[in-house]
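Here are some short exercises to work through with the model open. Try each task before you read its solution.

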Amino acid sequence: MRNDRRGFLTLLGGAAALTLLPAGRAAALDSDQAHALIDTALGEVYQVINAGQPPEQMYEQFEDIFVRYADVDVIARSALGPAARQTDASVLAAYTQAFQGYIGRKYGKRFREFIGSRIEVTGARPLKSFFAVTSVAYLNGRAPMEVEWHVSNRSGQDRFFNIIIEGVNMLASERAEVTALLARNQGDVTALAAELQQAG
Amino acid sequence: MRSLYQIGLPLAFAFATLTAGCASKPVMQDGVLVNDPYEAQNRSVHNFNKSVDRNVIAPVGNLLRSGGGGEQRSDRIGARDAVINVGSNLSLPGKVVNSVLQGRPEPAIKNLFRFAVNSTIGIAGIFDPAGEGFGLPEQDTDFGETLAVWGIPEGTYVELPLIGPSTQRDAAGRVVDIFIDPLNHVLNRDERMIALGLRIGSKAGERARFGDTVDSILQDSADSYAQTRLIYLMHRRHELGETRAEIDPYADADADAGSDVGADEGVIDPYEE
């Protein structure tokens, strides 16, 4: 685990050094780096899946991976929709914190079905202002599934901000979920955060 | 054939609803184009489906799961998997017809060989030697896709009793699929009932296999109707190879407006929000 992290850091360091060369643009992301980011993140996910720890511990570790490889701020903000703009920073931060725990639990439960499976990263291409990394998930007794990752460096770091599984878009799905929860709480983001802490 | 009546009525209904939906205006919702003028009716059907799922389908699915060898991960094939395999094998001739109607010979030929291999060596489809040994996995298609290939618009979103999420185009496709299925013309009445039973059993088996996922969408979502609709539309459009709007949340952030920016081609860009 430590080795992998070191490897990832070295990779990032090397990537940063490389990107300094052309035109001096800081942290320009390219297809290879986007590809490598998802490869490394998946490696960590599978380490957790295959370690076979109790669910609660697994969910915490998924949350940790999510925080390190995903742009949690922008995902949480996007899920909240226009309401994010009217929410003050401290409330938004508390909501974001609750949101990342909810994601760790919700997707952590799904990942348990991935025991004995593998995901192969197949390619990466520029898309709009970001990169799309394509992969194929091979699950037991199921046709292979296309999984696409959207990676951006707009946060200042290379992070993924969306996962699209057979066309089903995580950001869209979470936006629908959070919007519905917000409506149920009469637009109160603090109450929404409290509910998210129990959800997932 | 007294079933002409049975064909004509649903067909007429299907095409009537198909044309009726064209008047409504789709809206961009959660990064996806949604055309749902019958939302109120659909929601009551959804509540019905949800309670059927909770009270009937999920318990049966759990029985299948515990009794059907869901947990054993051996080479031995569980009863549940056998039913799933036999049922999906029976769906292949209809898929061949659809691929031909779409002008796609390759999947038609693959499914034809798959059907031949699994019906014989695979013992009436219980086993899947075609997929495991011959590299012939099922090529999924239906008449809804055929209609899409022919350029028929998707129509409105509909949630069908017991069947679940659909669109007018897919609902019409489901009806037509019953009549163009070669098996329904070859088998006699009793055999048709058995085949139908097996295919329903196959669906129930799949529900059991993916039970946790279905539960999480149906029973754990804040608004399971909206969530089901969203997931169905995204997945179906992906299956049909229709372009989606990518979400660019970063672009949405820049625009700083309440409208659907970043939704131009269906990409979600959270940075642009």
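**Exercise 1.** Are A:Tyr95 and A:Phe99 buried or exposed?

Before solving, a quick note: this is a predicted model, where local features need pLDDT of at least 70 and side-chain atom pairs need 80 or more, while totals for chains, interfaces and linings use all residues. Residues are numbered from 1 along each chain, chains are lettered from A and ligands numbered from 1 in written order, and side-chain values use heavy atoms, without hydrogens or water.

*Solution.* Start with the cut-offs: buried means under 20% relative accessible area, exposed over 50%, and partly exposed in between (1.4 Å probe, protein chains only). Both A:Tyr95 and A:Phe99 come out buried. Next, place them: they sit four residues apart in helix H5 (residues 89-111) of chain A, so about one helical turn separates them. (Helices, H or I with at least four residues, and strands, E with at least two, are DSSP runs numbered from the N terminus.)

**Exercise 2.** Classify the ring pair A:Tyr95 and A:Phe99.

*Solution.* Rings of Phe, Tyr and Trp (its six-membered ring) pair if their centres lie within 6.5 Å; planes under 30 degrees apart are stacked, over 60 edge-to-face, the rest tilted. The structure has eight such aromatic pairs over all chains. For A:Tyr95 and A:Phe99, the centres are 5.9 Å apart and the planes at 40°, so this pair is tilted. Finally, look for neighbours: ring pairs join A:Tyr95, A:Phe99 and A:Tyr102 in a cluster.

**Exercise 3.** Which parts of chain A does the salt bridge of A:Glu148 and A:Arg125 tie together?

*Solution.* A salt bridge needs a side-chain nitrogen of Lys or Arg within 4 Å of a carboxyl oxygen of Asp or Glu. In A:Glu148 and A:Arg125, the closest N and O atoms are 3.8 Å apart. A:Glu148 belongs to strand S3 (residues 145-152) and A:Arg125 to strand S1 (residues 118-127), so the bridge ties together parts 23 residues apart in sequence. As for exposure, A:Glu148 is buried at 10% relative accessibility, while A:Arg125 is partly exposed at 36%.

**Exercise 4.** How many residues of each chain are in contact across the interface of chains A and B?

*Solution.* Count contacts as heavy atoms within 4.5 Å: 38 residues of chain B meet 36 of chain A. Then check for salt bridges between the two chains; the rule finds zero.
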